[in-house]
Amino acid sequence: MQRVDTPPRDGDCKGLNPNIWYPHADKTQPGNFSDNYRKARMNTGIALQICSDCHVKEECLSYGLYHEHFGIWGGMTERERQTMRRRLNIFVVPREPINILLPN
Ligand code: SF4
């Protein structure tokens, strides 16, 4: 798989709530954990549904494989990408640092 180093900008998730693509059940959120877990599972389903028709899915998956431990990228969950990395012998590499201009 060709390595992609920048996340796609015009995927089908553009403009939608990014939390849907990071669906961890959070113990710090109000409400009980099983409700939050259920919500996280529902968000995973929504994200995977949206990703399934996305026109930049392959590019997004490649970026996610090489650069992202967390979240859903290219229609694959963290665990699915981890399995694929092991199979393809891919290691996550940090992205290029962003150049930040600091005031003098
Ligand atoms: S594949 Fe999914 S996460 Fe990637 S750009 Fe498309 S909708 Fe967004």
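**A guided tour from Leu 48**

Begin by selecting Leu 48, which has its place in helix 1. The model on display is a predicted one. Leu 48 counts as partly exposed because its relative accessibility is 26%, a value that falls between the 20% limit for buried and the 50% limit for exposed. Now display its surroundings: leaving aside residues up to four places away in sequence, Leu 48 touches Ile 72, Gly 75, Met 76 and Thr 77. Add Trp 73 to the selection as well; this residue is 25 residues from Leu 48 along the chain, and the two C-alpha atoms are separated by 9.0 Å.

**Helix 1**

Extend the selection to residues 33-52, the whole of helix 1. From the first C-alpha to the last, its 20 residues reach 28 Å, close to the 28 Å expected at 1.5 Å a residue. Within helix 1, colour the buried residues, namely Asn 36, Ala 40, Thr 44, Ala 47 and Cys 51. These residues lie on the same side of helix 1, because they cover an arc of only 90° around the axis. Turn next to the other side of helix 1, where Arg 38, Arg 41, Met 42 and Gln 49 are exposed. What covers the buried residues of helix 1 includes helix 2, and that helix is the next selection.

**Helix 2**

Select residues 57-67 to show helix 2. Why is helix 2 described as largely enclosed by the rest of the structure? Eight of its eleven residues are buried, so the description follows. The buried residues are Cys 60, Leu 61, Ser 62, Tyr 63, Gly 64, Leu 65, Tyr 66 and His 67. Show residues 78-88 too: this is helix 3, against which the buried residues of helix 2 pack.

**The nonpolar cores**

Select Leu 61, Leu 65, Tyr 66, Met 76, Met 84 and Ile 90, the six residues of the largest nonpolar core. Helix 2 gives the most to this core, with three residues. Centre the view on Ile 90, which touches Leu 65, Tyr 66 and Arg 85, again not counting residues up to four places away in sequence. Apart from this core lies another, of five residues, among them Ile 20, Ala 47, Cys 51 and Ile 72.

**The ligand**

Finally, select the ligand and the residues around it: Gly 11, Asp 12, Cys 13, Trp 21, Cys 51, Cys 54, Val 56, Lys 57, Cys 60, Ile 72 and Gly 74. Coloured by class, this shell shows seven nonpolar, two polar and two charged residues.

Methods. Residues numbered from 1 in each chain as written. Predicted model: local features only at pLDDT ≥ 70, side-chain atom pairs only at ≥ 80, totals over all residues. Heavy atoms only, no water. Buried < 20%, exposed > 50% of the residue type's maximum accessible area, 1.4 Å probe, protein only. Helix = DSSP H or I, 4+ residues; strand = E, 2+ residues; numbered from the N terminus. Contact = heavy atoms within 4.5 Å. Expected span 1.5 Å × (residues − 1). Arc of directions from axis to C-beta. Near = heavy atom within 4 Å. Nonpolar A, V, L, I, M, F, W, Y, C, P; charged D, E, K, R; others polar. Core = buried A, V, L, I, M, F, W, Y, C linked by side-chain atoms within 4.5 Å.
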